[in-house]
Amino acid sequence: MESSKAKFENKSPSVAGLSYHEMLTRALQKIPKDIQTPISIEMPQFNVQKETTRTIILNWGEIIDKYNIDEKLLLRFLQKRLGTIGMPQHGKLYLQGAFTRVRLNRLLEVFMKEYVICDVCGRPHSTIIREKGKLIKKCLACGAWRAVEKP
Ligand SMILES: [Zn+2]
């Protein structure tokens, strides 16, 4: 019984000279690593240095790089919400006015959910595409997309 069963399994059809198992292995290898693993996003947090007349976001460049964020978009978003102007310089952001760490991080979280984190797969791999004056958020991991409001 055992040997005949083994023979039957070996007869699984081969495609292009590859067995089912080989094809499966190849297919899995083609999927990027981060799609195979479950999602666990840690919301990024600004490191903030608050002074009397200005606020400095110390890890601005780090967060921009890590999440491949559209810097102009995030800057515009913050400027609009805070009613001030900001100047990125050497990986830091200098904001005119004094703002708390809590307020800035709350805004960062809103921004991440709206412009960075995919609504379908939940991964922080979205890119912002400008098309005919509109903004499209497209996920590079799963391909989902949707129009988003300009900040
Ligand atoms: Zn996605």
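Trainee: Over how many bridges do strand 6 and strand 7 pair?
Mentor: Strand 6 (134-139) and strand 7 (145-148) pair over four bridges, in the antiparallel sense. Strands pair if DSSP finds at least two bridges between them. I136 stands opposite A147 in strand 7.

Trainee: And how are these elements and residues numbered?
Mentor: Residues count from 1 along each chain as its sequence is written. Keep in mind that this is a predicted model: local features need pLDDT of at least 70, side-chain atom pairs count only at pLDDT 80 or more, and totals for chains, interfaces and linings use all residues. Helices (H or I, at least four residues) and strands (E, at least two) are DSSP runs, numbered from the N terminus.

Trainee: Back to the sheet. In what order do the three strands come?
Mentor: The order is 5-6-7, in an open sheet with antiparallel pairing. Strand 5 and strand 7 are at the edges with a single partner strand each, so one side of each has no neighbour in the sheet. From one strand to the next, the twist averages 30°.

Trainee: Which helix packs on the sheet?
Mentor: Helix 6 does, touching strand 5, strand 6 and strand 7 (contact means C-beta atoms, placed from the backbone, within 7 Å). The direction of helix 6 makes about 65° with that of strand 5. For such angles, axes are lines fitted to C-alpha atoms, for helices over the stretch in contact, and angles run from 0 to 180 degrees between N-to-C directions.

Trainee: Which residues of helix 6 are buried?
Mentor: L104, L108, F111, Y115 and V116. Buried means 20 or more other C-beta atoms within 10 Å of the residue's own, exposed means 12 or fewer, and partly exposed is in between, with C-beta atoms placed from the backbone. Those buried residues cover an arc of only 70° around the axis (taken from the directions from the helix axis to the C-beta atoms), which puts them on the same side of helix 6. On the other side, V102, R106 and K113 are exposed.

Trainee: New topic: what about helix 5, which residues are buried there?
Mentor: L74, L75 and L78 are. Seen down the axis, the buried residues fall within an arc of 100°, so they line one face of helix 5. They pack against strand 3 (86-89) and helix 6 (101-116). K72 and K80 are exposed on the face turned away.

Trainee: How many Å should helix 5 span?
Mentor: Its twelve residues (71-82) should span 16 Å at 1.5 Å a residue, and the end C-alpha atoms are 16 Å apart, which agrees. The expected span is 1.5 Å times one less than the number of residues.

Trainee: What follows helix 5?
Mentor: G83, with a positive phi near 65°.

Terms used:
Contact = placed C-beta atoms within 7 Å.
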